[in-house]
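Here are some exercises to work through with the model open beside you. Try each task before you read its solution.

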Amino acid sequence: MAVIENNVGAYPVSPHANRGGLKAGQNRIGLLLLLPAATGFCAIILYPFLSALGLSLFEYTVEMMEPRFIGLENFAKIAADPDVWAAFWTTAIYVVLSTTGTLIAGLGWALIMNQPFAGRGVLRSLSLLPWVLPATVSAFIWGWIFNSRYGVLNAFLMELGLIDYPQAWLSTPEGAMLAVVLTKVWLSIPLFMSFFLAGLQNLDKEQIDAARVDGAGNWAVLRDHILPHLRPVLMIVVVLGVIGNLQQFDTIYALTGGGPVRATTVLSVEVYRRAFEQWDIGFASAVGVLWVAALLPPAFLYLRMLVKGN
Amino acid sequence: MNTFTRLIGTAAIALTLGSGAAKAADLSFMSFTYAEEANKAIVQGVLDNFQKAEKLTVEPLGFAWGDMQKNIFLRARSKTLPDIAQLSERWLPTFASLDNLVDLNTVYGKDKLEAAFAPDALAMGNINGKQLALPLLSGSIGMVANKEVLTKAGINDAPKSVDDFRKALVAVRDKVPNSVPYSMATKNNGSILIDFMVWNWVHGGRIIDDAGKVVVDSKQSRDALTFMVGLMKDRLAAPEIDRPDSRRLLAQGASAFYLDAPQTRTFLRDFSGKGQAFDANVLPMPTPVLKASDKPVSVQWGHLLVQFASGGKAKADDPADKFLTYIISDKVQTDLPLKMSALPVTKSARAAVADDAYLKNWSAATGDARRNEVGIWSNAADLTNIIGEEVQGALLGQKSADDAIKSMQARLTTSMEKAKKSE
């Protein structure tokens, strides 16, 4: 060992070499590569968030050219505002329905796409279509489907004789919620399906064949073999789904604008309405801060899973 | 040359090019009319003619009507306001506190403006003695009917009373399949406000009195909302209708009545695909009244132009002010408002177009327009949302008319605590 060290010491050292050596050089390159993403993150996410955090402590309406510090008054107003609490409740309903719906539909579709049949490749590619379309375009497509006067849904139901005259699906709280959930589920199926399909392709086919030889039916195979195998994927997909649905704004705003009345006003729409319809930036920022707080637990779970390599 | 020097050089060139591009036009003009397909060419024509006349270029910034307030608000916060912006008359009180808004009395002189403009039009841009906007075009929001649809339904004369109006709606519903007899606004809060305000006035109610006291919790307002709810229940009006939907329905012969400004004619020409041939179907009519002795109601309406300049200071020979001067000249005022089917705002232009049959009929039908009783308050946006939500809740059957009125009274009262009035 001592001989080797002596030999190494005998080589001439470059005058440009520094004490850190190769490790420090790698760290520097790593930091350099991180710089564009970090700069983007700071400019687009961190600065606006810190700015909103600060503004949540101010009164700042359209009538004021400069904000006025009011401490936690905006949060006290939120505590007493039934509309904001209703938005929390609406968000919870939307997130649960959208995530559960996408989970079931995504898994079901992945199971079908995992079976060998003619044209599977084409169908798999077509399944990605909702993902490729911009979310707002999808929202408008679904808006036309549900439209009370020109909608395909009404035309179809009237053709079947199930309704006598067009129904205004988006004008009832339940119909509007169903529409925004369906739209989101349709948009998210490709992503969830891809995750599940990747998981299913790692499943040992011999294990399934053995179970079938032992007399296991489809439900038993799904419950006892496929779902346990997909457990890590399920965890990731649920957490990502919850985070994505908590952040959802564009499809809901394009489809219902948060209405009728406030039936689909989730937190993102509430922040938008307070800021750009009622011009109360301080209050909107405070709601936004609470919205971020709602996002933190699933985000923490996700990061924990990533760090643990689960 | 090392990498750092190259980077600095590139950045400097980019900055130079960027600032050159930003200064390509002599002034910027933010307009919602410019964003409307039916009217874009008309505005572009004015901009082109201004450029020829004054050798000054204008950068047009078109935003949809519904996005204008948001864009002005954001630009005010980021200090990137345009030189000139077009507003609906009801938005002015909301923006009156922006410190870059120019008092145009200081630019042109109060006397000169009073001499040039029709008093009703000039008043729309005046807030507490300051002329914060110049009118671009004016008129009123009243009732419009489609004559062809009325004929199909066997209706020969426009209904005068509320009872006759209801009977006419029933006839349209029964004789014109798949129609929305009255395309009442039921979707967008800003549009719902106008319909509720009109029917509330028809029934003798007010929302907020002149002193700022909320007075909507009254028998008259309940009757008005109950009347509107009744129309929905009997399928004489429909959900999911906003003003643009109403225009399209009327233009396509699928609706008999709706409320709009005189510029409806231009939209109907476009949406019907028939151009001026469709004019024969457009019937401006007095809003039906409860009793024969009542006066038909209509809402004052207009488009305004505001100027933004550093510190709110401007001179008549600034490019933006030359543009304003051009816009209010007889050359433009005897042309632009007519093309947009609206009334000019200057005395001389009004005299010049006094024989225009459509505008004459419109004025005769809508009578003396009342000032928007919500739009005059600094918290108009909040008031509009509250009224829209409560009315929509009742129309869609989520609450009774009585509950909606009570809730409206309570919420409006809270909102009015800090409100400022523009007079």
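**Exercise 1. Which residue of S2(B) is the bridge partner of B:Ser31?**

Before starting, note that this is a predicted model, where local features need pLDDT of at least 70, side-chain atom pairs count only at pLDDT 80 or more, and totals for chains, interfaces and linings use all residues. Residues are numbered from 1 along each chain as its sequence is written, while chains are lettered from A and ligands numbered from 1 in the order in which they are written.

Step 1. Find the two strands: S1(B) covers residues 27-31 and S2(B) covers residues 58-62. Helices (H or I, at least four residues) and strands (E, at least two) are DSSP runs, numbered from the N terminus.

Step 2. Look at how they pair: S1(B) and S2(B) run parallel and are joined by 5 bridges. Strands pair if DSSP finds at least two bridges between them.

Step 3. Read off the partner of B:Ser31, which is B:Gly62.

Step 4. Now check the two faces of S1(B). B:Leu27, B:Phe29 and B:Ser31 point one way, B:Ser28 and B:Met30 point the other way, and all are buried. Buried stands for 20 or more other C-beta atoms within 10 Å of the residue's own, exposed for 12 or fewer, and partly exposed for anything in between, with C-beta atoms placed from the backbone. With 5 of its 5 residues buried, S1(B) is largely enclosed by the rest of the structure.

**Exercise 2. Work out what covers the buried residues of H12(B).**

Step 1. Count the burial: in H12(B), residues 243-251, 7 of the 9 residues are buried, so the helix is largely enclosed by the rest of the structure.

Step 2. List the buried ones. They are B:Arg243, B:Asp245, B:Ser246, B:Arg247, B:Leu249, B:Leu250 and B:Ala251.

Step 3. Look around the helix. The cover includes strands S6 (134-146), S7 (180-182) and S8 (255-260) of chain B, along with helices H10 (189-202) and H13 (264-272) of chain B.

Step 4. Step past the end of the helix: H12(B) is followed by B:Gly253, with a positive phi near 70 degrees.

**Exercise 3. Track down backbone oddities in loops of both chains.**

Step 1. Recall the background. Most residues other than glycine have a negative phi, and most peptide bonds are trans.

Step 2. Go to the loop between H12 (250-255) and H13 (267-276) of chain A, where A:Pro260 sits. The bond joining A:Gly259 and A:Pro260 is cis, with omega about 0 degrees.

Step 3. Stay in that loop for A:Val261. A:Val261 isn't a glycine, yet its phi is positive, about 55 degrees. Is A:Val261 buried or exposed? A:Val261 has 23 other C-beta atoms within 10 Å, so it counts as buried.

Step 4. Hop over to B:Lys55, in the loop between H2 (40-54) and S2 of chain B. Phi of B:Lys55 is positive too, near 60 degrees. This time there are 8 C-beta neighbours inside 10 Å, so B:Lys55 counts as exposed.

**Exercise 4. Describe how the domains of chain B meet.**

Step 1. Set the bounds, which come from an automatic or database domain assignment. Domain 1 is 3-139 + 301-363, and domain 2 is 140-299 + 371-418.

Step 2. Place them: their C-alpha centres lie 30 Å apart.

Step 3. Count contacts (C-beta atoms, placed from the backbone, within 7 Å). Here 18 residues of domain 1 of chain B touch 19 residues of domain 2 of chain B.

Step 4. On the domain 1 side, H4 (92-95) and H18 (357-366) of chain B each supply at least two residues. H18(B) has the largest share, 4 residues.

**Exercise 5. Which helix gives the most to the side of chain B that touches chain A?**

Step 1. Size up the interface: 17 residues of chain B are in contact with 14 residues of chain A.

Step 2. Pick out the helices. H3 (65-77) and H19 (380-395) of chain B each supply at least two residues of that side.

Step 3. H19(B) gives the most, with 6 residues.

Step 4. Finish with the predictor's scores for the complex, an ipTM of 0.78 and a pTM of 0.82.

Methods
Contact = placed C-beta atoms within 7 Å.
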